[in-house]
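Here are my notes on this one, in numbered points. Keep the viewer open while you go through them.

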Amino acid sequence: MKTIKTAINNIDLRRFRFWLQLFFFALLMYGGYFAIDLGSRLPTFACAFNEAGRGGICYLFPLQHQLGVPSSRLFSWAGLAVLQGLLIFSLWFFALNKAWCGYACPLGTIQDWITALRNRLGIRYSRYSQGQFRQLSRIKYLLLALMILIPLGVGAALLPHEMGTPFCDICPARMVLPMFTGDFSQLTIDFSSKTTMIMTTLGLLITGLFFTGAFFKKRFFCFFCPMSALHYLLSKPALLKLKKDGNKCTSCGDCYRVCDMEIREIADEVNETNIMQDDCIMCLKCVAHCPEPDALKATFAGIPIFSSTEQGFIKRMHKGQKHEQQ
Amino acid sequence: MKRLCTFAPWLLAGLVWHGSLQANSLWWSESMPHTESSSTQHAHGGPVEIRRGIYHKNLWLRTGDSLAKGSYLDEASVDTSNAKIFLLDVKGEIKPLVAGKPHGAFGVNFAMPDEGFYNLYLISEQFSESTRMINIAKAEVLKHSCREGHDHVQALMSPRQHDELPLEIIRLRAPAENFHSATHFGDNVQFQLLHHGQPLAGASVTLYTAQGWRNTMETDANGKVSFMMIRDYYPPWSEFKRRHRQDYVVQAVHNVPADEHAATSAYQQTRYETTLNGSYYPSTRDYRSYGYGLLLGTFALSFTAVAVYVYRRRGQQRFKEVRFDEDN
């Protein structure tokens, strides 16, 4: 048991994460070709518009769809369907918590690949100032609120029907993910009405911004993702947790420096045990780069599954140096 | 099951086949006789009424020499004694239906509790001089709600037929068709004509659109015939609706000199006529542009890339030596 635990703590997280992300990418992007269907309540961007290959559907699409039904129906029996959807979504989410973002999200994986490309080209990445970070972090809550309120407005006949899935209209996943199965039909402007024209224009502008942003900034879009905001609102009862023992932390700042999401609290916070923040994607890079034994750890249902160790830190550092020398 | 109704005036006028939609052919229609009712909701498969969570479908019987001008029947013009209306449901069970007057016109209203396709048939029989006339109006309607999920869709996609019918048109499915699919301008739609459940080769099948276009094709050896849906929707751009639904009717007529299935041998020929209604929509090619889309996407990508480059260049302050004038 101790040997297994040591092996896990010494794992090459970079390589492990790469292969796990690739597995989820194949599952969610091409699973449909193998009759795999994980349902339409997934807590990650398995895009509904990737009709041919999708192995499941992102929950945000049916959620907007359900909220956009006429108000008289929504506040009667159809409301039960919304609650049922939320329940299934929560069950999926509770298993992996925000690791859905760090390991399963196809759009997140694409951003990591773009980051790897930039790294190979030797171009430096950008970081936000703390002021910028705080401002930008709020955008995802604004998008989440709009994503709920606009379909409700459609259901109440206050807004045009074409705005029934407003976030999907502007989400870069709608444009980017279907391209991996040869579907380029989302790269179009829809001129059939003013609303669709505005929404598809916004969608393509954001897609252009997504590629540039992801190139210069690690996990650029994740700062604005309303799915991340929804995750955080439900994260308290999740089984997978990120924990910190402040007494063992020396505030060296390694965890902050490796964090793609630039979460400062991971280094500064020494009182809270449950350290996960709303922007966290649970990639566990902070745990892998922490040299203090058990200062940071990931637990599943209270059982530690991956802890920071001195041995693991040194091993990964050596591998990192070899990788850089190559 | 044996309840019959007569459409005698309509059928008698339909005796002469002109090669175009006959003056009083019968077909089912999903379009409401009056302005849309607030009780009607749009779903995959067309308009429905939802009562206590169960989808209900209204279909009206129409007649006339064109789809656009086809009139709705009222109960006063219909003598209900010489035909039958029944439903072939998703489970393959046949259920008799009683016609009524939903929303003020002659038609039927039926519940669709299960997901899948329902076939509605009206069969009427009429005799005139030396001809026995069998008129079959068929409608195929879909019930689908995304709440039911999509795992079961492929198993329910195949069209069903009623082998006892003397003449039936079935719409064959496109290769990747599912419950969300719709027919658009430019699409090829394939039909198969069956005579007592067997493919009927060499028969003429005509497709009529609501705008008055028609096209006649002959069935191949497998009884199949294919039509390309014509683009016949040209409103001013400000009035264009991408969900504009256009109706079509496919009609086939088959005459046989003697019919072994006829109850009487006093007639020299039996004339079978069948109709199947459907709908189609504008093509995405009519209102979506790749050119503008790619232009905008490329512009956003290039603009932000240049902006980041310029921002970084401005951040790199060149070293400036500060010199003091030692004389002062």
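**Notes on the predicted model**

1. Let's start where the chains meet. From α11(A), the residues A:T201, A:L204, A:L205, A:G208, A:L209, A:F211, A:T212 and A:F216 make contact with B:G293, B:L296, B:G297, B:F299, B:A300, B:L301, B:T304, B:A305, B:V308 and B:R312 of α2(B). Sorted by class, this helix-helix contact holds 11 nonpolar, 6 polar and 1 charged residues. Bear in mind that this is a predicted model.

2. How do the two helices cross? Helix α11 of chain A covers residues 194-216 and helix α2 of chain B covers residues 290-315; their axes come within 8 Å, at an angle of roughly 35°. The crossing of α11(A) and α2(B) is right-handed.

3. A word on chain B as a whole. Its secondary structure consists of 2 helices and 19 strands. Of the 328 residues in chain B, 47% are buried. Take the contacts in chain B with a separation of 6 or more: 69% of them are between residues 24 or more positions apart.

4. Next, the cavities. Counting those of 30 Å³ or more gives 6 cavities, and the largest has about 150 Å³ of space. Which residues lie nearest the centre of the largest cavity? They are A:L242, A:C259, A:I263, A:C280 and A:C286, out of 18 lining residues. In chain A, α13 (254-258) and α15 (285-288) each give at least two residues to that lining. By class, the lining of the largest cavity has 15 nonpolar residues, 1 polar and 2 charged.

5. Two backbone angles to check. A:L284 has a positive phi, near 70°, and is not a glycine. You'll find A:L284 in the loop that runs between α14 (265-268) and α15 of chain A. Is A:L284 buried or exposed? A:L284 counts as buried because its relative accessible area is 11%, and the cut-off for buried is under 20%.

6. The other one is B:H103, again a non-glycine residue with positive phi, this time near 55°. B:H103 sits in the loop between β7 (94-96) and β8 (107-112) of chain B. Its relative accessible area is 27%, so B:H103 is classed as partly exposed, which covers the range between the 20% and 50% cut-offs.

7. A:T299 is worth a click too. This residue belongs to strand β3 of chain A, residues 296-300. With a relative accessibility of 2%, A:T299 is buried. What does A:T299 contact, leaving aside neighbours within four places in sequence? The list is A:L239, A:L240, A:K241, A:K243, A:P304 and A:I305. For a sense of distance, the C-alpha atoms of A:T299 and A:D112 are 24 Å apart, with the two positions 187 residues apart along the chain.

8. Last stop: A:L63, in helix α3 of chain A (residues 60-67). Relative accessibility is 8% for A:L63, so this leucine counts as buried. Not counting residues up to four places away in sequence, A:L63 touches A:V82 and A:M147. A:K297 is 234 residues from A:L63 along the chain, and the C-alpha atoms of the pair are separated by 33 Å.

Conventions:
Residues numbered from 1 in each chain as written. Chains lettered and ligands numbered in written order. Predicted model: local features only at pLDDT ≥ 70, side-chain atom pairs only at ≥ 80, totals over all residues. Heavy atoms only, no water. 1 Å grid on protein atoms, 1.4 Å probe; cavity = no way out; pocket = protein on both sides within 12 Å on 5 of 7 lines; lining within 4 Å. Points joined across faces, edges and corners; volume = space filled by probe spheres on them. Helix = DSSP H or I, 4+ residues; strand = E, 2+ residues; numbered from the N terminus. Nonpolar A, V, L, I, M, F, W, Y, C, P; charged D, E, K, R; others polar. Axes fitted to C-alpha atoms, helices over the stretch in contact; angles between N-to-C directions. Left-handed = near helix turned anticlockwise from the far one by under 90°. Contact = heavy atoms within 4.5 Å. Buried < 20%, exposed > 50% of the residue type's maximum accessible area, 1.4 Å probe, protein only.
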